[in-house]
Structures are given as C-alpha cells and as structure tokens.
Amino acid sequence: MLKKTIVVMLILMLAGCSSGLSDKHESTEKNSRKEAAKEAKNFLLIGVDSRGEKDSRSDAIMLARYEPSGEAIKLVSLMRDSYVKIPDYDKTYSKLNHAYYIGGADLLKETIEQNFEIKIDHTAVIDFNGFVEVLDTLAPDGLEVEVTEAMIDDMNLNLASGKQKLHGEELLAYVRFRHDDQSDFGRVDRQREVLELIKNEMKSSLTSVEGIARSPEMIKKVMNDIDTDLQVDEVLALATAFILNPVTEVESMRIPVENSFTDKMSNHAGAVLQLDFAENISALKEFLQGEESIEVNG
C-alpha cells in the first residue's frame, strides 16, 4: 500500500519526540537546523510492491508537503497508471510506477518533477514488510475501517462486514484491495484513510504518559523500516518545527483530478491514464499553494 507512505508523518511526528535523544551540536549546526526548519518541504513517499526483492514496482506514490508555519500536512496521491514521459527511457512514455522499476527512487523523483513541475526535496521508501512492521508498532491494537463482503472474500478474513479493527497484514491487504468498481481509485482513497487514522493514533499516543515513554523504542523501529535520504540534522530541524507547530490535520487530493484524464491502451504499457497535464499541474499548484515550478525538459 502506500507502502506506507506513512513515512513523512512518521518522520515529522516521531522525529519530534526524538529531538531530546540526540547529542549536543555546535552552534553553527543549530543555526543551520533553525533556518532549515523555516522552509516548506516536499517529500516523495514511495510504497514498494515487494517483500525485499531486488526488482520491484512502486505500488503507491505520494507527495507530501509540510510547511513548518502551518498545522497541516498536504498529501497528493499520484495514480501509478498515469502515462508520463520518463527521462532517457527508450520508449519515452510509460506508467508512472515503471519509472521506479527501471531507475529506482531517483528516476521516479525526476519523472514526477519534470511531468508535474514540482520540486521534490526528499524521498522515502518502504516495502510490504516495513509497512506491516510500522503499522504493528504504531497501532498495536489495530485500526478500525469499513470492511465489505468483497474484501472479506478476497482477503480470506474470518470477519463480518462493517466496521472492524484490522492489524498489520490485514491492513496491507485492505489498502491493496482493488477488486471492485473503484479499482485503483478506491485503493488511493483507502491509502489516505489509513494515513489519517495513523495520524490520529499517533496524536493520541504521543500525548499520553505511556506513549511518551515508549516513543524512543517506537522511533527506532519505525526508522529501521524506512529508506530515506534525510540526514540527521534535517530530521532534527523538522522535529523542532513540529514541536513548535504540531500537525493537526491532513489535507489530501488525487492526481489526476476528476475529469482530467481518459483511459487509453498503450502497446507496450497496457491500460494507462492519459492526463491533461495543464489541468493537473494547475490543480496541484493551487492545492500546494504557491509551489515553485521547475522547467520541464522536452
């Protein structure tokens, strides 16, 4: 699933609890962190369709924007079947998640920047195993979601339909479920739903004495399951900003937006979404409020 793309919220919320665990730094480093904490940051969150295999595709792709002066994290779900131009790819165009398959996080980042005119500051990757571990660490009692009969049959669950508490492996199946009339669009909605539930769970946990006491162990487990290019000083800068301005809500959108794409068949990529890029770029910039664009090659 968004494989768990829970990453930036984890980094921001959990890093905030870890700031007191670090050694003292020189004044110049403190000043650097202070300045960095004032800047808005865009993160590329990648959920990988694997359990440790070398070659894998990105199962979930999200952009997260955090503004230290604000109280919300903005999440943008990018449909993996979006038909995009991939830099230096011999067939030029393919599905967005194919960029990760052939070039990893770096190529996926470059592809998104060029197609959607968005600057990405950092990347974070997590796979199935990591997602399950993270969920079981952050929500040991499970998360309550609406389960349908179709999901129960597909996931082989011994449950009744309706509101049910699911745990790590079950939640993984829940966010990956696509065998209904909503297909990938439903998956994206469930990914965002789980992120919101995780945010609420963390907010509740970290305001309790018990939650604060277990935060160092929780942080260590979570960060072991996430592959990110964030450096220690950058995490500490985010931590400081988060402590001063806690995140209270998650705003989300999906790309492509409604009525801005058509279904298409590609000879080499199969079923894809042909986007109206002008409309989607405009919607993305409006949602992110003042995001700087970068020049698109080609």
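Here are some exercises with worked solutions on the predicted model shown above.

**Exercise 1. Get an overview of the chain: how many helices and strands are there, and what percentage of the residues count as buried?**

Step 1. Begin with the secondary structure, which comes to 10 helices and 12 strands.

Step 2. Next, look at burial. The chain has 298 residues, and 51% of them count as buried.

Step 3. Finally, turn to the contacts with a separation of 6 or more. Residues 24 or more positions apart account for 68% of these.

**Exercise 2. Work out the strand order of the open sheet of six strands, and find which strands stand at its edges.**

Step 1. Start in the middle, with strand 1 (residues 41–48). Strand 1 is joined to strand 6 (residues 122–127) by six bridges, and the two run parallel. Leucine 44 is a handy place to look, as it stands opposite threonine 123 in strand 6.

Step 2. Now move to the pairing of strand 1 with strand 2. Eight bridges join them, and they run antiparallel. Here isoleucine 46 stands opposite isoleucine 61 in strand 2.

Step 3. Carry on to strand 3, which runs antiparallel to strand 2 and is joined to it by five bridges. One pair to find is tyrosine 66 with its bridge partner in strand 3, isoleucine 73.

Step 4. Put the order together: it reads 9-6-1-2-3-10, and the pairing is mixed.

Step 5. Read off the edges. Strand 9 (227–228) and strand 10 each have a single partner strand, so one side of each has no neighbour in the sheet.

**Exercise 3. Decide whether aspartate 59 is buried or exposed, and find which strand holds it.**

Step 1. Locate the residue: aspartate 59 lies in strand 2.

Step 2. Compare its accessibility with the cut-off. Buried means under 20% relative accessible area. Aspartate 59 has 3% relative accessibility, so it counts as buried.

Step 3. Check the rest of the strand. Strand 2 is mostly covered, with nine of its nine residues buried.

Step 4. Look at a residue further along the sequence. Methionine 79 is 20 residues from aspartate 59 in sequence, and their C-alpha atoms are 9.5 Å apart in space.

**Exercise 4. Describe helix 10: what is its span, which residues are buried, and what do they pack against?**

Step 1. Take the span. Helix 10 covers residues 277–288, which is 12 residues, and reaches 16 Å from its first C-alpha to its last. That is close to the 16 Å expected at 1.5 Å a residue.

Step 2. List the buried residues: Phe277, Asn280, Ile281, Ala283, Leu284, Phe287 and Leu288. Viewed down the axis of helix 10, they fall within an arc of 165°, so they line one face of the helix.

Step 3. Link this to helix geometry. An α-helix has 3.6 residues a turn, so residues three or four places apart point the same way.

Step 4. Turn to the other face. The exposed residues Ala278 and Glu286 sit on the face of helix 10 turned away from its buried side.

Step 5. Find the packing partners. The buried residues of helix 10 pack against several elements, including helix 3 (96–116), strand 4 (83–85) and strand 12 (270–275). Helix 10 also lies across strand 2, strand 3 and strand 10, at about 175° to strand 10.

Step 6. Inspect the two ends. Aspartate 276 caps the N-terminal end of helix 10, with a side-chain oxygen 3.2 Å from the backbone nitrogen of alanine 278. Just after the helix, glutamine 289 takes a positive phi of about 55°.

**Exercise 5. Find the notable backbone features in two loops: where is the cis peptide bond, and what are the phi values of aspartate 88 and threonine 92?**

Step 1. Go to isoleucine 255 and proline 256, which are joined by a cis peptide bond with omega of about 10°. Proline 256 lies in the loop between strand 10 and strand 11.

Step 2. Move to the loop between strand 4 and strand 5 (93–95), where aspartate 88 is found. Its phi is near 65°, a positive value in a residue other than glycine.

Step 3. Threonine 92 is found in the loop between strand 4 and strand 5. Threonine 92 has a positive phi of about 70° although it is not a glycine.

Step 4. Add accessibility. Aspartate 88 counts as exposed at 83% relative accessibility, whereas threonine 92 is partly exposed at 30%.

How values were computed
Residues numbered from 1 in each chain as written. Predicted model: local features only at pLDDT ≥ 70, side-chain atom pairs only at ≥ 80, totals over all residues. Heavy atoms only, no water. Helix = DSSP H or I, 4+ residues; strand = E, 2+ residues; numbered from the N terminus. Expected span 1.5 Å × (residues − 1). Buried < 20%, exposed > 50% of the residue type's maximum accessible area, 1.4 Å probe, protein only. Arc of directions from axis to C-beta. Contact = heavy atoms within 4.5 Å. Polar contact = N/O pair within 3.5 Å; in protein donor to acceptor, adjacent residues only side chain to side chain. Pairing = 2+ DSSP bridges. Axes fitted to C-alpha atoms, helices over the stretch in contact; angles between N-to-C directions.
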